[in-house]
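A learner and a teacher sit down with a protein model. The learner wants to know how to read its features one at a time.

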Amino acid sequence: MRVLVTGATGYIGGRLVPLLLERDYQVRCMARNAERLRGRWKGVEVAEGDALRPETLAHVLSGVDVAYYLIHSLAAGSGQFAERDRKAALNFATVAADVGVKRIVYLGGLGEDSSRLSKHLESRHQTGDCLRQGEVPVTEFRAGIVVGSGGLSFELIRYLTERLPIMIAPSWVKTRAQPIGIDDVLHYLADAPEVEGSADKILEICGRDTHTYGEILQIYARIRGLRRRIIQVPVLTPRLSSYWIQFVTPLDAKAARPLIDGMRNEVVCRDNTAIRLFGFEPMGCEEAIRLAVRSLETGDVETTWADAYHGYEPQPFQRTQREGMIFERQRRTARCRPQAAFQAVCGLGGSNGWLYADSLWRLRGRLDRLAGGVGLQRGRRSPSELRVGDHLDFWRVEALKPNRLLRLHAEMKVPGEAWLQFEIDPLDAVTTSITQTAWYAPRGLSGHLYWWALYPLHKILFPGLIRRLVAKAEAQESVDLREAPGEPPGHRKETGGQGRAGRRTSADRRK
């Protein structure tokens, strides 16, 4: 059976693909930029397509038996995502019928249609309705809070609880929800093609127990050994709440507002058809949170909510107009092999810091958050490895060639396009050249003023950064030689850019 996974660069899709491969499906992934997925999973076909451009979908859907629809435009903001989602779903359903797809599997959101749904939950239901307007049978799963390391809902719970000993919260803290663990969501999705009775069904999927949002926060606090107090206030609008969330968590106000508005709606299961059809009972909220915390503690985070681009698809470096581009380049020689230099470069950012003038990086992150940008709060998915498409503070990994090159594209608020690139070149058996280049394509007069206003800081920051990188690479080389004194130069296993061999899947961790 050939299956198509849309949204494979996102949180759910990125975890679903390995499970489908384990079940010996032929897997094809759709992405607007195929380079983000090429080579990530062995044996996966990658096709470029965009659900908002129907002319790009026929070749993606041709020959597909089951198509997973995991596309969401929430990052576009409350004024745009609903219309974009409806249009994308209609395009997808129409082309899927034309090319003979047998089933569409869609993950939507809980909430009673009879109640006054938030725009976010209403949009999730409307997306399912649009998919059903085609001739292809649709299996629609409706879930509420999905609990898993790196997931948006879990990260909001984590940041709010970790950072606020006293939480001032509106009435939504008393709204009931029935959280479901990410492993159970993936179980339902992966099983769907084999469960014939799930075709043409809307299936509510939830965890084992029901809690208020306030109780969920307290469960997390108890697991982490924290004491937290929640004070409910009568008036705190979704707009004000979203600004507060932007200040405390990595999520920006534009994406937070529809989510906060949706917290006034109960998201609980009123139908157990899914449990009856699929034959298993999902885990409870506390168990799901414990698993998520354990994954964070071990650094075993497969995907995160920020894996998708921050509301826009950037212009790749190769296609940017080179004329008028400004750059600042530093080059140093290190007494080490390329592996050690590359490992040092790939260790930048997140909780590891930026090696030199870390306070300036943090200041830039705070200013970016004030301007509505992503800041430094997203951190990085893993403390030790990178892959194309990973977020790294206010950067995104655009290109990665093990032991040769790392290029980061800026997602901070700047009047132009910016990149930070590191090139690794071996000079001889024990010496390596590290070249660090900051590229900037200014947009108009404001772009030029921005660059030259920061130029004095760049003259301090960039030379200092590469000096520390050289020192770290040479220190790493010494450690490696002590650990493996008999290995010849270049024998050490590649690190930094590749996933760990034998990575456990979500199902493995649950076992």
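The dialogue below goes from the whole chain to single residues.

Q: Before the details, how many helices and strands does the chain have?
A: This is a predicted model. The chain has 15 helices and 19 strands. Of its 511 residues, 57% are buried. The accessible surface comes to about 22200 Å², and 51% of that belongs to carbon and sulfur atoms.

Q: What share of the contacts with a separation of 6 or more is between residues 24 or more positions apart?
A: Such residues account for 74% of those contacts.

Q: How do I read a sheet, and what is the strand order in the open sheet of seven strands?
A: Read the strands in the order in which they pair, then find the edges. Here the order is E3-E2-E1-E4-E5-E6-E11, with parallel pairing. Strand E3 (45-48) and strand E11 (201-205) are the edge strands, each pairing on one side only. On average, neighbouring strands of this sheet are turned by 20 degrees against each other, direction ignored.

Q: Which residue stands opposite Leu4 in E2?
A: Take the pair of strands to begin with. E1 (residues 2-6) and E2 (residues 26-31) run parallel and are joined by five bridges. Opposite Leu4 stands Arg28 in E2.

Q: Is Arg28 buried or exposed?
A: The cut-off for buried is under 20% relative accessible area. Arg28 has 6%, so it is buried. Its contacts, not counting residues up to four places away in sequence, include Leu4, Glu45, His59 and Val64. A polar atom of the Arg28 side chain lies 2.8 Å from the backbone oxygen of Ser62.

Q: Which strands does helix H3 lie across?
A: Helix H3 (residues 81-99) lies across E1, strand E4 (66-69) and strand E5 (103-109). The helix runs at about 180 degrees to E4.

Q: How do I read antiparallel pairing, and which strands pair with E19 in that sense?
A: Look at the partners and count the bridges. Strand E14 (residues 326-334) pairs with E19 over nine bridges, and Glu328 stands opposite Ala438. Strand E18 (residues 416-428) pairs with E19 over twelve bridges. In that pairing Trp419 has Trp439 as its bridge partner in E19. E18 and E19 form a hairpin, with two residues between them.

Q: Why is E19 described as largely enclosed by the rest of the structure?
A: The strand covers residues 431-442, and eleven of its twelve residues are buried, so the description fits.

Q: How is a pair of aromatic rings described?
A: By two values, the distance of the centres and the angle of the planes. A search of the whole structure finds 14 aromatic pairs. One of them is Tyr69 with Tyr106, a tilted pair with 6.1 Å centre to centre and 55 degrees between the planes. Tyr69 lies in strand E4 and Tyr106 in strand E5, so the pair ties together parts 37 residues apart in sequence. Both tyrosines are buried.

Q: Why is the pair of Tyr188 and Phe278 called edge-to-face?
A: Planes over 60 degrees apart count as edge-to-face. In this pair the planes are at 80 degrees, with the centres 5.2 Å apart, so the pair is edge-to-face. Tyr188 is in helix H6 (residues 182-191) and Phe278 in helix H10 (residues 273-278), 90 residues apart. Tyr188 is buried, with a relative accessible area of 1%, and Phe278 is buried, with 9%. Phe141, Tyr188, Phe278 and Phe280 form one aromatic cluster.

Definitions and conventions. Residues numbered from 1 in each chain as written. Predicted model: local features only at pLDDT ≥ 70, side-chain atom pairs only at ≥ 80, totals over all residues. Heavy atoms only, no water. Pairing = 2+ DSSP bridges. Helix = DSSP H or I, 4+ residues; strand = E, 2+ residues; numbered from the N terminus. Axes fitted to C-alpha atoms, helices over the stretch in contact; angles between N-to-C directions. Contact = heavy atoms within 4.5 Å. Buried < 20%, exposed > 50% of the residue type's maximum accessible area, 1.4 Å probe, protein only. Polar contact = N/O pair within 3.5 Å; in protein donor to acceptor, adjacent residues only side chain to side chain. Areas by Shrake-Rupley, 256 points an atom, 1.4 Å probe, with all protein chains shown as cover. Phe/Tyr/Trp six-rings, centres within 6.5 Å; stacked < 30°, edge-to-face > 60°.
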